[in-house]
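Open the structure in your viewer and keep the selection tool ready. This tour goes stop by stop.

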Amino acid sequence: MATALSPIDKNTLWDLAYSELKKALLSGKFEPGQRIILREVAGELGISLTPVRDAVNHLIAERVLDRGPGGQKGGASVPHLDAGQFQQLMFLRADLESRLAYAATANISDTQIHRLEQLVEQMKKSIDKSNKNTYLDLHRRFHFSLYEHAHMDVVTDITEILWLRCGPALNAVLRDYVPNLKQTDHHSLTISGLQARNATQVAQSIRNDITEAGEYIFAQLSRGASDRRSIV
């Protein structure tokens, strides 16, 4: 008698754990220095330790996470970025993402632009409600929904790694930075550039969005390091 069941891909659970951890990091749900305990992650996902350990080891290899005490069985922690490291990551993001945005402008449809516009409206509402995690998740979706139309897979993959390393730092300061986002709405300027098919405007708006946030967070990280030195 033939079975109606299909074999389970052995990589499915690893992919699930890796995807969920990336989503949490990209959305800023972990803060610098926070420990990631394998058993807790496995419990939240409802899976065994092995695929979670594999996913964490992969993120450690990508330098997104630091190895915890006790080797591979010791979990991991979210790295602390110093101001200089963060600045380097944002320099790379500004260059790569402006290129992705420029390339995407020629390929994106009016319907897809409208979807991005809806994400911007949701972002504004989440700011007004001071919903930090929701804002960061929508912010990530906006950027990567735009970049997928660039059809530059290698650059997009590198960009994702940069986001994974920056996400916790964004989480640490967003509470103070969110009010400043209202001064210049670079996301709405991106939408108007897309509607006009003005690739230069789209690229510059994305660059300005990243640069403005980067300068603010760089100053915060530098001030925090200075405060710690003065205490010592």
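Start by selecting Leu-65. Leaving aside residues up to four places away in sequence, Leu-65 touches Leu-25, Ile-36, Val-56, Leu-59, Ile-60, Ala-76, Ser-77, Val-78 and Pro-79. Bear in mind that you are looking at a predicted model.

Which residues touch the most other members of the largest nonpolar core? They are Leu-65 and Leu-146, in a core of 58 residues. In soluble globular proteins, nonpolar side chains tend to be buried together. Show both leucines, Leu-65 and Leu-146, as sticks before moving on.

**The sheet**

Next, switch to a cartoon view. Select residues 35–36 for β1 and 66–67 for β2. Then add residues 76–77, which make up strand β3. The three strands form an open sheet, and its order is β1-β3-β2. Pairing in this sheet is antiparallel. β1 and β2 are the edge strands, each pairing on one side only.

Now zoom in on β1 and β3. Two bridges join them, in the antiparallel sense. Pick Arg-35 and look across to β3: its bridge partner there is Ser-77. Ser-77 is also among the residues that Leu-65 touches. Strands of a sheet pair through backbone hydrogen bonds, either parallel or antiparallel.

**The aromatic rings**

Move on to the rings. The model has three aromatic pairs. Select Phe-144 and Tyr-147 for one of them: the rings sit edge-to-face, 5.8 Å centre to centre, with 75 degrees between the planes. Why are these two about one helical turn apart? Both belong to helix α6 (residues 132–147), and they are separated by about one turn because they lie three residues apart in it.

Are these two residues buried or exposed? Phe-144 has 16% relative accessibility, so Phe-144 counts as buried. Tyr-147 is buried too, with a relative accessible area of 0%.

Keep Phe-144 selected and add Trp-163. This pair is also edge-to-face, at 5.2 Å centre to centre and 65 degrees between the planes. Here the pair links distant parts of the chain: Phe-144 lies in helix α6, Trp-163 in helix α7 (residues 153–181), and they are 19 residues apart. Trp-163 is buried, at 1% relative accessibility.

For the last stop, display Phe-144, Tyr-147 and Trp-163 together. Ring pairs link them into a cluster.

Key. Residues numbered from 1 in each chain as written. Predicted model: local features only at pLDDT ≥ 70, side-chain atom pairs only at ≥ 80, totals over all residues. Heavy atoms only, no water. Phe/Tyr/Trp six-rings, centres within 6.5 Å; stacked < 30°, edge-to-face > 60°. Helix = DSSP H or I, 4+ residues; strand = E, 2+ residues; numbered from the N terminus. Buried < 20%, exposed > 50% of the residue type's maximum accessible area, 1.4 Å probe, protein only. Pairing = 2+ DSSP bridges. Core = buried A, V, L, I, M, F, W, Y, C linked by side-chain atoms within 4.5 Å. Contact = heavy atoms within 4.5 Å.
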